[in-house]
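Grab a coffee and work through these exercises with the structure open. Try each task before you read its solution.

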Amino acid sequence: MRFADFDVLLRQALRRYAALERDGDVAVFDHWRATEADLVRVQRRLGVRLPEQYRGFLLRYGAGRFLFVELLPADEGRRWVETLVGANEPVDVHGSGFVAVAPVGTGDYWGFVVRDGICEDAVSFRYHEDGAVEPAADDFLEFVAAEGLRVGR
């Protein structure tokens with residue numbers, strides 16, 4: 001998916017859920033934008049190269065609550081909030097080569113499979129019980145559209 005296509009879906013979703021946010025029922029978005037320095041620091045700490053589309057998303061929109069999905073922020077200065085580094089250290093806990101970017105709330109995560117230090121563009125789901133990984137979306141924008149904006153449901 002391209003950012004221009006995602007922007008259209010985002011505007012539609014924000015209009016659809018605006019009343020819920022005004023009533024205090026749904027936090028639409030936290031806007032915890034990353035800086036380029038944040039992303040460089042995360043990649044260095046985790047020893048990986050994050051997908052360009054994901055990096056672009058964090059720089060453009062940020063992390064935190066994104067309608068119906070929680071995205072881990074790159075900023076380590078957030079109190080009481082799990083971050084990218086916090087969720088992924090120690091690196092490679094299950095030997096799966098996986099970088100978690102969105103908690104499910106059950107101990108499972110959505111994230112990226114890592115091969116030779118490079119994160120795949122596709123988003124996968126990792127089970128906490130055994131570290132098993134299964135595909136979830138072809139790219140990060142497709143993932144956020146499906147899980148966050150609930151497009152196609």
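**Exercise 1: the β6 strand and its neighbours**

In β7, Glu134 is the bridge partner of Phe125. Keep in mind that this is a predicted model.

Task: work out which strands pair with β6, and in which sense.

Solution. Start with the β7 side: β6 and β7 (residues 133–137) pair antiparallel over four bridges. The two strands form a hairpin with six residues between them, and Gly131 in the turn has a positive phi of about 75°. Now go to β4: three bridges join β4 to β6, and these two also run antiparallel. One pair to look up here is Tyr109, whose bridge partner in β6 is Arg126.

Task: decide which residues of β6 are buried on each side.

Solution. In a regular strand, side chains alternate between the two faces of the sheet. For β6 (residues 123–126), that puts Val123 and Phe125 on one side, with Ser124 and Arg126 on the other. Every one of these four is buried, so both faces of the strand are covered.

**Exercise 2: two positive phi values**

Task: compare the settings of Leu67 and Asp116: is each buried or exposed?

Solution. First, the background: most residues other than glycine have a negative phi. Leu67 goes against that with a positive phi of about 55°, and Asp116 has a phi near 55°. Next, place them. Leu67 is in the loop between β1 (64–66) and β2 (69–71), while Asp116 is in the loop between β4 (109–115) and β5 (118–119). Finally, check accessibility against the cut-offs, under 20% for buried and over 50% for exposed. Leu67 has a relative accessible area of 2%, so it is buried; Asp116 has 80%, so it is exposed.

**Exercise 3: helix α5 and the core**

Task: find what caps the N-terminal end of α5, and which of its residues are buried.

Solution. The cap is Asp139: one of its side-chain oxygens lies 3.2 Å from the backbone nitrogen of Leu141. Along α5 (residues 140–148), the buried residues are Phe140, Leu141, Phe143, Val144, Ala145 and Gly148. Just after the helix, Arg150 takes a positive phi of about 60°.

Task: say how α5 connects to the largest nonpolar core.

Solution. That core has 46 residues, and those with the most contacts inside it include Phe140 and Phe143, along with Leu71. Leu71 makes the link easy to see, as it touches both Phe140 and Phe143, and also Phe57 and Phe66 among others.

Conventions
Residues numbered from 1 in each chain as written. Predicted model: local features only at pLDDT ≥ 70, side-chain atom pairs only at ≥ 80, totals over all residues. Heavy atoms only, no water. Core = buried A, V, L, I, M, F, W, Y, C linked by side-chain atoms within 4.5 Å. Buried < 20%, exposed > 50% of the residue type's maximum accessible area, 1.4 Å probe, protein only. Contact = heavy atoms within 4.5 Å. Polar contact = N/O pair within 3.5 Å; in protein donor to acceptor, adjacent residues only side chain to side chain. Pairing = 2+ DSSP bridges. Lists of a residue's contacts leave out its neighbours within four places in sequence.
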